[in-house]
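The following exercises ask the reader to examine a structure step by step. Each task is followed by a worked solution.

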Amino acid sequence: MSTPETVATTRPFAPRDPETFFKAQLRNRRSTWRMSALCVFAALIMGIPLTLVLTPVFYAITMTTAEVINRFSPLPPAFWQNANDLAKLAYRVADTLIKQRGVLDPQELAIGAALVLLPGMVLALMLWVGTLMLFRHGGVGGTIASLSAREPNPADLKELQLADAVQEMAIAAGLPAPKVMLVDSVGVNGAAIGTSPTDAHIVLSRRLLDDLNRDQLQALVGHLVASVGNGDLRIAFTVTSVFETCGLIITLINAPFGKQSRSTLWRIIRYTFRRRPADAKSADADEVAELLADMLDLNSTDIDRFFSSRKPGLIRKFLRLISYPFLFTNMAVELTLWFFLNVLLGPCMALLWRTRRYLADAGAVELTRNPDALAGALQRLSEDSTVMAGGSWATHLFVVNPSGDQSLRGVGPAPDQQRKFLAAWRESENAGRTVRAAGTPVLSTGAEEEYARVRKEMMSTVMAAAAGSTDAVARMQAFAKVVSADPALGLHDMPNLNDLLLAQRGDRTAIARIRMLQQTRHQEGSPKRGQSGLQTHSFLSFHPPLNKRAKRLQKMGAHVAAPTRTGSSVVAKIVIALLYFIIGPLLALAGVLMLIVIAMMIGLNLIVLTLWLAVIHWAFAQDWARNIHAFVGFVEQVIQIFSRGR
Amino acid sequence: MDILVVLIATIVAVVLALLYLLRVYNGLIKMRNGVRNAWSDIDVQFTFRHNLVPNLVESVKGYMSHERKTLEAVAQARSTAMKAGADIATRTVAEMALSGAVGNLFAVAEGYPDLKASRNFLLLQEQLTTTENRIAFARQHYNEMVRKFNTSIAEFPRNLVAVALGYTPEKMFAAESHDRANDQNVPVS
């Protein structure tokens, strides 16, 4: 036996700054407030360019409508007078601001600012509130249907345990018990889905039940129930609605130009006004939400296709001419949304969501009073695939990133747990008629190696058991018994004993499961770090890294060895620092360039829309009906200019 | 003019103070009800267990005919617990005894491999495990509610309202000490 100091990669067992779950919760609640404030601030910042783009569109549409109305029933001269005055005021304010000369009357400045900012802001707010209202009664049926979840079967012991664990945690939290659903998927993961604590659903993958012991299962459920109790579903709903609003704006802007966005818009309208049974309605809500999220992907929007078709006909040419102003609007909106979502609002909301995960972790510890169990469950999840099919826009609701998080993988148990493990293995040796692997001299080469050797021995016993050796099964059973006596020693990476027994009787699926378990265990190699759902719109993941969560659980008393970075050499550190110094300014430069491009787009949009207004105004002032020749001439001229320009 | 301003300020201050008082009052009422609900949750779980125990005894009877004493102890403890009635002190003690008897039954059952392999027994064992857990968690929740309640009626501005309402600190549900169960003063709703 060696002292823990020889184990280089693991931390000393006791954390230096322990923290109770009460304190952890308080701290996380405070940081939630900070993050919410940050999100609001980010939304305001993002709102400024967005309103700068949307306001001219608003004026263009209003004024064009006014011109059309005026044609048929003349509007009072006071209207035109006011519009004229306001336009002049706006011009004067802009001129003074840009040329930096002259003095502005504060009142004028205020009116000018209101003229520029208010319509867009009101428009964006209205859209957001509309989205909130639209999906408020969406319910959860859609997501659950898209995950193809089912109810647990009370005759199955494991599924009964899950249902019980949920009930227990709900009692501990003083909440109405959420509904439990199971997904028969390859990945292991779980989520709380819903809009409020009363309609909350807890969805877990069936494989999770085989992989976790009762305590770990309970801790995982505790995390989800605590999350529901903390009101995370409401927050998640709000966060999603912001993204959906952005999708809606892009849909609206694109709607005149293409089928895709028109059909999306049509779906939204139909969803809003059609009376349907609740479950069909919520399935629709899910589909619409997904469509809106898809609109945020900038790969090919309708307007691009509209303007890039090779040989446009005459009508299309004319339409293009008319709609050129909106091309700039469109590009400006898309660029603004893309840049600010990815760089500003998305990361802020991701950070906000992370604090909720930490808070729910602390809540789970409060409910179960067993930090070990949650830590064990997280570790177990990090060692397996966490992919869930379906429900792709709801990825942020899952306990562990469905794209996988291997930051806890390969971290062994803490030193004294290793010692316990070794002791348990030796103790079980005497319990059954054992298979003694060839050559097991007890060498005092250090706990680490001893542990690795015993692990290997155990694996070979497992394989022997899978092959049908009665002795091996007896040994494993004895070991399981010894191990289960000590709750601190999680069974997190032992194959399921039931599987072993089944395998012994010749159940092929059980054998396959054991084999697969072993293969996944020993797979090293970097996993792909794909992102899906809302996460595509933020360069920061919505899920806190598992090793950070483990570290916090360790502070609350969990017996995990939080992974520490192996000490890198000084040269490597210098290289990394240099890289940061080079990459940091480059990134900042890219951001500034992007901002300049956005500003230019906004300016162009403004100029083009002003020109459009002038042309419209002039066109409506002509007496076309009396002068049909002039009209035809005008159209011909315009088409000529336009086709020569191409 | 000045008098008007003072008057308005006074009215605003009084209204604000009244609103604050209302909030404190409602908060306290809500907390007290929370404590009561938590207590009735424990009660529900006790009843749930009483209904489960006969099933347990029935399903193990065939396997454990020599363990008549253990089985009788369980049945006895159950009927005592059911008869304990509304008096909390005796009730708590009786429920503890039932917990012990059931635990003992499962310990004895360890010695019967046939029984342990029986599916029904496993399902039943899970049911009893969850009942024990539910009781424990309901207690934990109750204690948490009591802790919050007691803290809030002791804090400064609220303690005045609490005194006016006649609220006194509630007692925690001390599970492990049988002696203290005698001076339990938990409310029944």
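**Exercise 1: The interface**

Task: Establish how many residue pairs are in polar contact between chain A and chain B, and which elements of chain A take part in the interface.

Solution. In this predicted model, eight residue pairs, both at pLDDT 80 or more, are in polar contact between chain A and chain B. The next step is to locate the side of chain A that touches chain B: the elements giving two or more residues to this side are α5 (157–173), α7 (214–229) and α12 (314–368) of chain A. Of the elements, α5(A) gives the most, with ten residues. Sorting this side of chain A by class yields ten nonpolar, five polar and five charged residues.

**Exercise 2: Contacts and buried area**

Task: Describe the extent of the interface between chain A and chain B, and state which three residues of chain A supply the most buried area.

Solution. Begin with the residues in contact: 20 residues of chain A meet 15 residues of chain B. The area buried between the two chains is about 1,500 Å², and carbon and sulfur atoms give 54% of that area. Turning to chain A, the residues A:L157, A:E168 and A:I171 supply 35% of the area that chain A buries against chain B, more than any other three residues.

Next, consider the charged pairs. Two salt bridges are found across the interface of chain A and chain B. In a salt bridge between A:R214 and B:E126, the side chains meet at 2.7 Å, N to O.

**Exercise 3: A residue of helix α12 that touches chain B**

Task: Determine whether A:T368 is buried or exposed, and list its contacts.

Solution. First, place the residue: A:T368 lies in helix α12 of chain A. Second, apply the cut-off: a residue is buried when its relative accessible area is under 20%. A:T368 has a relative accessibility of 14%, and therefore counts as buried. Third, examine the side chain of A:T368, which reaches the backbone oxygen of A:A364 at 2.8 Å. Finally, leaving aside residues up to four places away in sequence, A:T368 touches A:M169, A:Q218, A:A219 and B:F137.

**Exercise 4: A second residue of helix α12**

Task: Decide whether A:V333 is buried or exposed, and identify what it touches.

Solution. A:V333 is also part of helix α12 of chain A. Its relative accessible area is 1%, so A:V333 is buried. Not counting residues up to four places away in sequence, A:V333 touches A:V53, A:L54, A:I249, A:I250 and A:I253. A further distance concerns A:C246: this residue and A:V333 are 87 residues apart along the chain, and their C-alpha atoms are separated by 9.4 Å.

To set this residue in context, consider chain A as a whole. Its secondary structure comes to 21 helices and three strands. Chain A has 646 residues, of which 46% count as buried. Among contacts in chain A with a separation of 6 or more, 77% join residues 24 or more positions apart.

**Exercise 5: Confidence in the model**

Task: Report the confidence scores of the model and of chain B.

Solution. The model scores ipTM 0.83 and pTM 0.76. Chain B averages a pLDDT of 82, and 90% of its residues score at least 70. Among the elements of chain B, helix α1 (residues 2–61) has the highest mean pLDDT, 89, and helix α4 (residues 113–117) the lowest, 77. Over residues 176–189 of chain B, pLDDT stays under 50; for this stretch the model has 25 contacts beyond four places in sequence.

Conventions:
Residues are numbered from 1 along each chain as its sequence is written. Chains are lettered from A and ligands numbered from 1 in the order in which they are written. Side-chain values use heavy atoms; hydrogens and water are left out. pLDDT is the predictor's confidence in each residue, from 0 to 100. Helices (H or I, at least four residues) and strands (E, at least two) are DSSP runs, numbered from the N terminus. Contact means heavy atoms within 4.5 Å. Buried area is the accessible area (1.4 Å probe) that two parts lose on being put together, summed over both. A salt bridge is a side-chain nitrogen of Lys or Arg within 4 Å of a carboxyl oxygen of Asp or Glu. A polar contact is a pair of N or O atoms within 3.5 Å; within protein, one must be able to donate a hydrogen and the other to accept it, and residues adjacent in sequence count only if both atoms are side-chain atoms. Ala, Val, Leu, Ile, Met, Phe, Trp, Tyr, Cys and Pro count as nonpolar, Asp, Glu, Lys and Arg as charged, and the others, Gly among them, as polar. Buried means under 20% relative accessible area, exposed over 50%, partly exposed in between (1.4 Å probe, protein chains only).
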